[in-house]
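Student: Please take me slowly through one part of this model, and show me how that part fits into the rest of the chain.

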Amino acid sequence: HGSFLDFIFPIRDDEPQHYYADDLISDKARKAGIETIAVPSCIIEHKMDLRGRGAGHGSEEARMEFDRAVYRRIG
C-alpha cells in the first residue's frame, strides 16, 4: 500500500506555511486523487510561531495577505 504523505510532504519553502497550509494540503491530496473529508470533531493544536503574531510579517493581517498571494500563485 502507498502512503498519501508522499504526495503532500515535504511542503516546500515557497508554499504557504501558515494560514493556507490546510488548503494546500487538501489541494495536493485532491490533485493526487486522494479524497479529503472534513471532520468537525477533530482538534488540531497549532504551536505559536516563535516570531510572534504574523510570523515575522508584523501583523496577522500582513501575514495572511502574504500567504494568500503565495497560495494563489502556486494554485
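Among contacts between residues at least 6 apart in sequence, what percentage join residues at least 24 apart? After that, I would like a close look at helix 3.

Tutor: Of those contacts, 55% join residues at least 24 apart in sequence, where a contact means heavy atoms within 4.5 Å. Before we go on, keep in mind that this is a predicted model, in which local features need pLDDT of at least 70, side-chain atom pairs count only at pLDDT 80 or more, and totals for chains, interfaces and linings use all residues. Residues are numbered from 1 along each chain as its sequence is written, and side-chain values use heavy atoms, with hydrogens and water left out.

The pLDDT is the predictor's confidence in each residue, from 0 to 100. The mean for the chain is 78, with 85% of the residues reaching 70 or more. Among the elements, helix 3, which covers residues 60-74, has the highest mean pLDDT, 84, while helix 1 has the lowest, 78. Where pLDDT is low, the predicted coordinates should not be read in detail.

Helix 3 belongs to a chain with three helices and zero strands, and these elements are DSSP runs numbered from the N terminus (helices are H or I with at least four residues, strands are E with at least two). Of the 75 residues of the chain, 19% count as buried, a word that means under 20% relative accessible area, with exposed meaning over 50% and partly exposed in between, all for a 1.4 Å probe and protein chains only.

Now look inside helix 3, starting with Arg63 and Asp67, whose side chains meet in a salt bridge with N and O 3.1 Å apart. A salt bridge here is a side-chain nitrogen of Lys or Arg within 4 Å of a carboxyl oxygen of Asp or Glu. Arg63 and Asp67 lie four residues apart in helix 3, about one turn of the helix. Arg63 is buried because its relative accessible area is 7%, and Asp67 is also counted as buried because its value is 0%.

Helix 3 holds another such pair, Glu65 and Arg68, with the closest N and O atoms 2.5 Å apart. Because Glu65 and Arg68 are three residues apart in helix 3, about one helical turn separates them. Glu65 has 43% relative accessibility and so counts as partly exposed, as does Arg68, because its relative accessible area is 22%.

The surroundings of helix 3 complete the picture. His57 sits in the loop between helix 2 and helix 3, and, leaving aside residues up to four places away in sequence, this histidine touches Ala62, Arg63 and Phe66. His57 is partly exposed, because its relative accessibility is 31%. Helix 3 is also among the elements that cover the buried residues of helix 2, together with helix 1. Those buried residues of helix 2 are Ala21, Leu24, Asp27, Lys28 and Ala29. Asp27, in turn, forms a salt bridge with Arg30, the closest N and O atoms being 2.6 Å apart.
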